[in-house]
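Let's take a walk through this fold, piece by piece. Have the structure open and turn it as you read.

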Amino acid sequence: MPGSPPSSELPAGVQRDYPLARLTTIRTGGAAELFARPGTIEELERLLAWAQRRGLEVGVIGSGSNLLIADAGVRGLVLKLDQELSRIAFDGTRLHCGGGARLPAVSAQAARQGLSGLEFGVNIPGTVGGAVRMNANAYGGELARTLRWADVVSAAGRARRAPEELGFGYRRSSLRPGEVVAGVSFALTPLAPDAVRATLADMRRRRREAQPSGIKTFGSTFKNPDDPRAHGRSAGQLLDAAGARGLRLGAAGFSDEHANFVVNHGAATTAEVIAVMAEGRRRVRERLGVELEPEVQSLGPVAFPADWGRG
Ligand SMILES: Cc1cc2nc3c(=O)[nH]c(=O)nc-3n(C[C@H](O)[C@H](O)[C@H](O)COP(=O)(O)OP(=O)(O)OC[C@H]3O[C@@H](n4cnc5c(N)ncnc54)[C@H](O)[C@@H]3O)c2cc1C
């Protein structure tokens, strides 16, 4: 493992020992060895090339709404897209935005312009880059239906990828570590702004009724299983049936209201979150015979047990 570069060799804007917990919605985990907020595609390219020369691993953080940071912190360089790389612009019925643009803002701005196709994003508290990486979805809306291209930047250079080149599956894509979604373009459909806004209001209302709010969580913990032994039940229904609803270990626990949400009730650690997940998963396996697979992603050495088969 390469040593940490001396401070005199850090590119402008790169900070050392940067706490990451506050950049996640669950608020756990340690610091990034090195951290930067590139504001342009050129700055992003320079940072990625520098990290490669130094032999540093690169991680990217969006809104941290589906992310567990290792308690021991993250070696290498962690990037969060900023400025131009989080802007939203319109060109007729096309919406172009940086990978760091927040999905609810993108969805609301499209509605204001009378453009339909991104309504599903209103309740997904992530960035567009994180949504492409995760193939985020809600209420039957599909990212790939309106996505025209994504600009992916890595140490190897810049490439524009069509949706069919992104390997989308259930909550996954073929993007590899070190590949950063810097910008995307969506092709939307004109519709009366009031109609789009009404859909957003309806989706917000449905979400308020279905999910707890004002809690520290990363949303769904496990993917809904594609296993006949689940008999069509969601991960939340299986956790509930296995007695995991409200289960608490230390300061972390499954929500009382939504069995598939892990909540940080105070100053939980990532290790406590993993312990809660492991216990929920064990109960579902032993009582119902179904192996749950985590949806949540991680940065740094997060100790997911080896048999979890994360995809
Ligand atoms: C209350 C709540 C409700 C939620 N509801 C939904 C829902 O309805 N549907 C749904 O699909 N998800 C939902 N989520 C999960 C989450 O919001 C999505 O997975 C979202 O797409 C993650 O985006 P992010 O920017 O927060 O990514 P992060 O959590 O920051 O990162 C997730 C992964 O994406 C990578 N990544 C982030 N940005 C980039 C980039 N620019 N380029 C390449 N890789 C990147 C990270 O390295 C990491 O591997 C919910 C979460 C919460 C907390």
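What follows goes from the domains to the sheets, then to a helix pair and the ligand site.

Keep in mind that this is a predicted model. The domain assignment cuts the chain into domain 1 (12-83), domain 2 (86-209) and domain 3 (212-303). If you want a feel for the spacing, the C-alpha centres of domain 2 and domain 3 lie 26 Å apart.

Start with the sheet that holds strand 1. It's an open sheet of 4 strands in the order 1-2-5-3, and the pairing is mixed. Strand 1 (15-19) and strand 3 sit at the edges with a single partner strand each, so one side of each has no neighbour in the sheet. From one strand to the next, the twist averages 45°. Further in, strand 2 (residues 31-36) and strand 5 (residues 74-79) run in the parallel sense and share 4 bridges. To find your place in that pairing, look for Ala 32, whose bridge partner in strand 5 is Val 74. Helix 1 (residues 41-54) packs on this sheet, where it touches strand 2, strand 3 and strand 5, and its direction makes about 165° with that of strand 5.

Helix 1 has a second set of strands to deal with, too. It lies across strand 11, strand 12 and strand 13, running at about 40° to strand 11.

Those strands take us to another open sheet, this one with 5 strands in the order 6-7-13-11-12 and antiparallel pairing. Which strands are at its edges? They are strand 6 (88-91) and strand 12, each of which pairs on one side only. The twist in this sheet averages 15° from one strand to the next. Now pick out strand 7 (residues 94-98), which pairs with strand 13 in the antiparallel sense over 5 bridges. Cys 97 is a handy marker there, with Val 184 as its bridge partner in strand 13. Over at strand 11 (residues 147-154) and strand 12 (residues 157-161), you'll again find antiparallel pairing over 5 bridges. These two strands form a hairpin with 2 residues between them. Within the hairpin, Asp 151 of the pairing stands opposite Arg 160 in strand 12.

Next, the helix pair. Helix 2 (residues 103-112) and helix 5 (residues 193-210) pack with their axes 8 Å apart, at an angle of about 150°. That angle makes helix 2 roughly antiparallel to helix 5. On the helix 2 side, the contact uses Ser 107, Ala 108, Ala 111 and Arg 112, and these meet Pro 193, Val 196, Arg 197 and Leu 200 in helix 5. By type, the contact residues come out as 5 nonpolar, 1 polar and 2 charged.

Finally, have a look at the ligand. It's surrounded by 32 residues, and the closest are Gly 62, Gly 126, Gly 129, Gly 130 and Gly 219. The elements giving two or more residues to this shell are strand 3 (58-60), helix 3 (128-134), strand 9 (137-138), strand 13 (180-187) and strand 15 (217-220). So which element gives the largest share? That's helix 3, with 5 residues. Sorted by type, the shell holds 14 nonpolar, 17 polar and 1 charged.

Two of those contributors were on our route already: strand 3 and strand 13 both give residues to the shell. Strand 3 stands at an edge of the mixed sheet, while strand 13 pairs with strand 7 in the antiparallel one.

Methods. Residues numbered from 1 in each chain as written. Predicted model: local features only at pLDDT ≥ 70, side-chain atom pairs only at ≥ 80, totals over all residues. Axes fitted to C-alpha atoms, helices over the stretch in contact; angles between N-to-C directions. Parallel < 35°, antiparallel > 145°, perpendicular 65-115°, else oblique. Contact = placed C-beta atoms within 7 Å. Nonpolar A, V, L, I, M, F, W, Y, C, P; charged D, E, K, R; others polar. Near = placed C-beta within 6 Å. Pairing = 2+ DSSP bridges. Domains from an automatic or database assignment.
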